[in-house]
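Got your viewer open? Load the model and keep the selection box handy, and we'll walk through it stop by stop.

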Amino acid sequence: MLEAFAMGDHGVYVWSVYIVSIGFLIGLGMYPLMSLRHLKRKNSNREEIE
């Protein structure tokens with residue numbers, strides 16, 4: 001089992017690329033949600049002023 005994770009001598013590279021890729025995909029998914037939250041907050045502040 002450990003040999004499958006080690007992938008020879010390439011395991012460190014392969015698993016680090018997987019981790020970076022997953023982090024990047026999570027960031028891409030969260031960016032629109034955070035932008036939407038920011039726009040909603042900005043719009044609600046504008047409505048309070050008017």
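Here is a short tour, going from a helix to its surface and then to a few side chains.

**Stop 1: the helix α2.** Keep in mind that this is a predicted model. Select residues 11–49, which make up helix α2. Put a distance monitor on the end C-alpha atoms and you should get 56 Å. The 39 residues, at 1.5 Å each, should span 57 Å, so the two values agree. For a second ruler, pick Val 14 and Glu 48: they are 34 residues apart along the chain, and their C-alpha atoms are separated by 51 Å.

**Stop 2: the bend.** Where does α2 bend, and by how much? Centre on Met 30: the bend there is about 25 degrees. Now add Pro 32 to the selection, a proline that follows within four residues.

**Stop 3: the nonpolar patch.** Switch on the surface and select Met 1, Leu 2, Phe 5, Met 7, Trp 15, Tyr 18, Ile 22, Ile 26, Met 30 and Met 34. Together they make a nonpolar surface patch of about 1100 Å². Two elements, α1 (2–6) and α2, each give two or more residues to the patch. Which of them has the largest share? That is α2, with six residues. Note that Met 30, where α2 bends, is also one of the patch residues.

**Stop 4: Phe 5 and Met 7.** Zoom in on Phe 5, which sits in helix α1. Its relative accessibility is 42%, so Phe 5 counts as partly exposed. Then step along to Met 7, in the loop between α1 and α2. Met 7 is partly exposed too, at 32%. Check its backbone while you're there: phi of Met 7 is near 50 degrees, a positive value in a residue other than glycine. Most residues other than glycine have a negative phi.

**Stop 5: the aromatic pair.** How many aromatic pairs does a search of the whole structure find? Just one. Select Trp 15 and Tyr 18 and show the rings: the centres are 5.4 Å apart and the planes make an angle of 35 degrees, a tilted pair. Because the two residues are three apart in helix α2, about one helical turn separates Trp 15 from Tyr 18. Are these side chains buried, exposed or in between? Trp 15 is partly exposed at 33%, and Tyr 18 is partly exposed at 48%.

**Last stop: Val 14.** Go back to Val 14, in helix α2. With a relative accessible area of 22%, Val 14 is partly exposed; the cut-off for buried is under 20%.

Technical notes
Residues numbered from 1 in each chain as written. Predicted model: local features only at pLDDT ≥ 70, side-chain atom pairs only at ≥ 80, totals over all residues. Heavy atoms only, no water. Expected span 1.5 Å × (residues − 1). Bend = angle between axes of the 7 residues up to and from the residue. Patch = residues over 30% accessible without salt bridge, like charges linked within 9 Å, V, L, I, M, F, W, Y side chains within 5 Å. Areas by Shrake-Rupley, 256 points an atom, 1.4 Å probe, with all protein chains shown as cover. Salt bridge = Lys/Arg side-chain N within 4 Å of Asp/Glu carboxyl O. Buried < 20%, exposed > 50% of the residue type's maximum accessible area, 1.4 Å probe, protein only. Phe/Tyr/Trp six-rings, centres within 6.5 Å; stacked < 30°, edge-to-face > 60°.
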